[in-house]
Amino acid sequence: MTAQYLVNRTYKVTKGSIVLMHAAAGGVGLILCQWANHLGATVIGTVGSKDKAELAKKNGCHHTILYRDEDFVARVKEITSGKLCDVVYDGIGKTTFPASLDCLRPLGYFVSFGSASGQIDAFNINILQTKGSLFATRPTLNHYVAKREDLVSCAKDLFDKVGSGAVKIPVNQTYKLKDAQKAHKELEGRDTTGSSILVP
């Protein structure tokens with residue numbers, strides 16, 4: 001549902017949109033890449049390894065950037081021939097900011113929906129003006145589904161997309177509930193891809 005509201009309400013992705021997705025091989029990343037691709041966007045994703053790059057490509061990402069080896073801003077400029085992105089979806093936070101803003105065209109959208117590397121501190125709002133009158137938001141699912149009708153609509157759209165095959169939900173790790181600590185460590189260490197589930 002996070003991917004649903006990000007591509008449909010926070011920034012309305014349409015045919016021709018250029019999207020940058022950080023952590024494209026993560027749980028939200030793999031779903032969002034598929035969904036944005038389905039809507040007709042060009043999807044660029046940052047990943048931490050060649051294996052994750054292949055996984056992201058299999059899930060709708062057109063271009064991958066190995067952020068440990070490449071300057072992601074320079075690569076975005078190269079991939080887009082200098083046009084830059086309409087929106088950056090960033091669940092990483094501290095280590096990708098403020099460079100993410102340099103990937104956006106004037107009037108572009110910076111959507112910070114997570115902080116895997118730590119929160120963004122001391123955000124100077126004037127930086128949005130100097131980098132092209134950008135928009136920035138820090139959304140969370142709870143606000144997007146606070147009303148019953150929004151919850152039902154969001155869930156229906158998600159299940160419709162999954163049911164049609166346009167979006168698949170990759171569950172790549174399953175942990176016993178007693179191994180929750182291990183699951184958290186692997187998530188924090190970026191050793192996972194796609195979704196992780198805990199079972200009794």
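# A walk through the model

A search of the whole structure finds eight salt bridges. Keep in mind as you go that this is a predicted model. Let's visit a few of those bridges, then move on to a helix, the cores and a group of rings.

**Stop 1: strands 4 and 5**

Select Arg105 and Asp86. Their side chains meet in a salt bridge, with N to O at 2.5 Å. This pair links distant parts of the chain: Arg105 sits in strand 5 and Asp86 in strand 4, 19 residues apart. Are the two partners buried or exposed? Asp86 is buried, because its relative accessible area of 13% falls under the 20% limit. Arg105, at 23% relative accessibility, counts as partly exposed.

**Stop 2: two loops tied together**

Next, pick Asp102 and Lys131, which form a salt bridge whose closest N and O atoms are 2.7 Å apart. Asp102 belongs to the loop between strand 4 and strand 5, and Lys131 to the loop between helix 5 (126–130) and strand 6, so this bridge ties together parts that are 29 residues apart in sequence. Colour both as partly exposed: Asp102 has 31% relative accessibility, and Lys131 has a relative accessible area of 27%.

**Stop 3: a bridge inside helix 7**

Now select Lys161 and Asp157, whose side chains meet in a salt bridge at 2.9 Å, N to O. Both residues lie in helix 7, four residues apart, about one turn of the helix. Both are also buried: Lys161 has 17% relative accessibility, and Asp157 has 18%. Before leaving the charged residues, highlight Glu70, Arg75 and Glu78, which salt bridges with shared partners join into one network.

**Stop 4: helix 7 as a whole**

Show residues 148–164 as a ribbon. How far apart are the end C-alpha atoms of helix 7? They are 24 Å apart, which agrees with the 24 Å that its 17 residues should span at 1.5 Å a residue.

Now add side chains for Cys154, Ala155, Asp157, Leu158 and Lys161, the buried residues of helix 7. They cover an arc of only 160° around the axis, which means that they are on the same side of the helix. Which elements do these buried residues pack against? Display helix 1 and helix 2 (27–38), and you will have the packing partners in view.

Rotate to the face turned away from the buried side, and you come to the exposed residues Arg148, Glu149, Lys156, Phe159, Gly163 and Ser164. Just after helix 7, click on Gly165, which takes a positive phi of about 90°.

**Stop 5: the nonpolar cores**

Select Val13, Leu32 and Tyr89, the residues with the most contacts inside the largest nonpolar core, which has 30 residues. The elements giving two or more residues to this core are helix 1, strand 1, helix 2, strand 2 (42–47), helix 3 (50–58) and strand 4 (85–90). Which element gives the largest share of this core? That is helix 2, with six residues.

Zoom in on Tyr89 and show its surroundings. Setting aside residues up to four places away in sequence, Tyr89 touches Leu6, Val7, Tyr11, Val13, Val19, Leu20, Met21, His22, Leu32, Val111 and Phe113. Then switch to the second, separate core, which has 18 residues and includes Phe72, Cys85, Leu104 and Phe110.

**Stop 6: a cluster of rings**

Our last stop belongs to the aromatic side chains. The structure holds five aromatic pairs. Start with Tyr11 and Tyr109, a tilted pair at 5.0 Å centre to centre with 55° between the planes. The two come from distant parts of the chain, 98 residues apart: Tyr11 is in the loop between helix 1 (2–10) and strand 1 (18–21), and Tyr109 is in strand 5 (residues 104–112). Tyr11, at 11% relative accessibility, counts as buried, whereas Tyr109, at 26%, counts as partly exposed.

Add Phe135 to the selection. Tyr109 and Phe135 form a stacked pair, 4.7 Å centre to centre with 15° between the planes. Here too distant parts of the chain are linked: Tyr109 in strand 5 and Phe135 in strand 6 (residues 135–137) are 26 residues apart. Phe135 counts as partly exposed at 42% relative accessibility. With Tyr11, Tyr109 and Phe135 selected together, you have one aromatic cluster on screen.

Methods. Residues numbered from 1 in each chain as written. Predicted model: local features only at pLDDT ≥ 70, side-chain atom pairs only at ≥ 80, totals over all residues. Heavy atoms only, no water. Phe/Tyr/Trp six-rings, centres within 6.5 Å; stacked < 30°, edge-to-face > 60°. Buried < 20%, exposed > 50% of the residue type's maximum accessible area, 1.4 Å probe, protein only. Expected span 1.5 Å × (residues − 1). Arc of directions from axis to C-beta. Contact = heavy atoms within 4.5 Å. Core = buried A, V, L, I, M, F, W, Y, C linked by side-chain atoms within 4.5 Å. Salt bridge = Lys/Arg side-chain N within 4 Å of Asp/Glu carboxyl O.
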